[in-house]
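Hi everyone, thanks for coming along. Let me put the sequence and the model up on the screen, and then we can walk through a few places together.

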Amino acid sequence: MDAGSYSASSNKKQSRCPLQEQLLQRRNSRENLDRFIPNRSAMDFDYAHYMLTEAAKKGKENPAVSSPSREAYRKQLAETFNMNRSRILAFKNKPPTPVEAIPNEFAFVQQPKSAKPRRHIPQTSERTLDAPDLVDDYYLNLLDWGSSNVLSIALGSTVYLWDASDGATSELATVDEDNGPVTSVKWAPDGRHIAVGLNNSDVQLWDTTANRLLRTLRGGHRSRVGALDWNNHILTTGGMDGQIINNDVRVRSPVVDTYQGHHQEVCGLKWSASGQQLASGGNDNLLHIWDRSMASSNSTTQWLHRLEDHTAAVKALAWCPFQGNLLASGGGGGDRSIKFWNTHTGACVNSIDTGSQVCALLWNKNERELLSSHGFTKNQLTLWKYPSMVKVAELTGHTSRVLFMAQSPDGCTVASAAGDETLRFWNVFGTPEVAKPAPKANPEPFAHLNRIR
């Protein structure tokens, strides 16, 4: 059979699936158009038959045979029977209105989602304060913002407090030259007490409300304490001696755990939000993950993961607020990278080269963003979109490396301190969305009546 021939038998052999919609083949553009099926009871078929037969015969077959009397009679007959119509088929009734399958009061109309407006990020700091005698040392941690909205900063041997609510500044403490300078500060979760690490290896605990020294922790470290972090009532300290010590500040003998894994100074300490894992970074280019459940007061605790991917000191550490096992770490001048870790498995899930020394890291609490501060050459703050790590903004203004960053309690404002002895405030994370009030639950029927048990 030729390729162009067609037979009925071949058409019958085509398979047809049951309960499948059949597609009609359109032979030309005039076939298979939409059809309107009329209401036959509303049609005048007598008039239609006349127009299709008699009127056609008159016009085509016998157009010349017509007398004046016959023409007058035809007009009179047409007026009598209302035959002066141009349309053959006339529909007297309007088509019925469609019946809605779902009543309007129950129908759900999906409103189009409005596009979220792009957040404006100011490129300049909203406030700049002088920070004279700020120690330009990468391995220290001299800035922190407490839950009571008071910022603490160590300038030389003095700790100052700046109240963000009214801008008031006060001096908390000044240490002797033999004990100073101050090498670290860290607010307790209550926003009232603060820990102060010193160059002589001591750690002081202060009550900022009463402006009073509560106690001094001695003997744990052999050299300066440059890293501090709290886990409820446990104060964790990291020193130049490479040791990490957990101190229970409620008891007379505070040392409860000791972590040994770093060979050089510990410059970064961060507890996870759950309080189960501790991340520590050191000048030995090592990053350790410690698990609290493995802690032992009788012997040195073994790390959960030892991560050796960085090629410079690891100071910048930040736990992700929306994924509990995700940790971001930043390397020093010889590394210049930000790495992301799955702390359950110890795997590095991503790494990017920032091009400059990473001094500090902060997560946005309201969006999936990460803020990093850097040194030479731009001395900038860079906002990254996570997980794509696309640059959202670069904030410049500091003229020296941005050593320290702290975040306000509401998560909107970031304070940065640099070697240029200035403290700048940036509205980089925007205003958090106001949470909608939860809908009130329907009252239980007959709740006002006493129940019979």
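Here is a question to begin with: which side chain meets that of Arg-224 in a salt bridge? The partner is Glu-265, at 3.0 Å from N to O. By salt bridge I mean a side-chain nitrogen of Lys or Arg within 4 Å of a carboxyl oxygen of Asp or Glu.

Before going on, a word on what you are looking at. This is a predicted model, where local features need pLDDT of at least 70 and side-chain atom pairs count only at pLDDT 80 or more, while totals for chains, interfaces and linings use all residues. Residues are numbered from 1 along each chain as its sequence is written, and side-chain values use heavy atoms, with hydrogens and water left out.

Now the overall picture. The protein chain has three helices and 28 strands; these are DSSP runs numbered from the N terminus, helices being H or I over at least four residues and strands E over at least two. Of the 453 residues, 42% are buried. For that term, buried is under 20% relative accessible area, exposed is over 50%, and partly exposed is in between, with a 1.4 Å probe and protein chains only. Taking contacts between residues at least 6 apart in sequence, 46% join residues at least 24 apart, where contact means heavy atoms within 4.5 Å.

The UniProt entry, which is unreviewed, carries the annotation "repeat: WD" over residues 175-216, 259-300 and 395-428. UniProt positions are in the numbering used here, feature names are shortened, and such annotations may be inferred rather than shown by experiment. Over residues 395-428, the chain is 0% helix and 50% strand, and the C-alpha atoms at the ends are 9 Å apart.

Back to the charged pairs. The salt bridges number eleven. One of them joins Asp-136 and Arg-401, with the closest N and O atoms 3.1 Å apart. Asp-136 sits in the loop between strands E1 (127-130) and E2 (143-145), and Arg-401 in the loop between E25 (390-395) and E26 (402-407), so this pair ties together parts that are 265 residues apart in sequence. Asp-136 is partly exposed at 41% relative accessibility, and Arg-401 is partly exposed at 22%.

Asp-229 and Lys-186 form another salt bridge, at 3.8 Å from N to O. Asp-229 belongs to strand E10 (residues 225-231) and Lys-186 to strand E6 (residues 182-187), so the pair ties together parts 43 residues apart in sequence. Both Asp-229 and Lys-186 are buried.

And the pair we opened with? Arg-224 is buried at 12% relative accessibility, and Glu-265 is buried at 6%. Together with Asp-137, Arg-224 and Glu-265 are linked in a network of salt bridges.

Next, look at Ile-234 in strand E11 (residues 234-239). Ile-234 is buried, with a relative accessible area of 7%. Beyond its neighbours within four places in sequence, Ile-234 has contacts that include Asp-229, Asn-246 and Arg-292. So Asp-229, from the salt bridge with Lys-186, turns up here as a contact of Ile-234.

Asn-246 lies in strand E12 (residues 243-248) and is buried at 3% relative accessible area. What does its side chain do? The side chain of Asn-246 makes a polar contact with that of Tyr-259, at 3.1 Å. A polar contact is a pair of N or O atoms within 3.5 Å; within protein, one must be able to donate a hydrogen and the other to accept it, and residues adjacent in sequence count only if both atoms are side-chain atoms.

Last stop: strand E24 (residues 381-385). Four of its five residues are buried, so E24 is largely enclosed by the rest of the structure. E24 pairs antiparallel with strand E23 (residues 369-374) over five bridges, and strands count as paired if DSSP finds at least two bridges between them. Ser-373 has Leu-381 as its bridge partner. Six residues separate the strands in this hairpin, and there Asn-379 takes a positive phi near 50 degrees.

On to E25, which runs antiparallel to E24 and is joined to it by five bridges. Lys-385 stands opposite Val-390. The hairpin of E24 and E25 has four residues between the strands, with Met-389 at a positive phi near 55 degrees.
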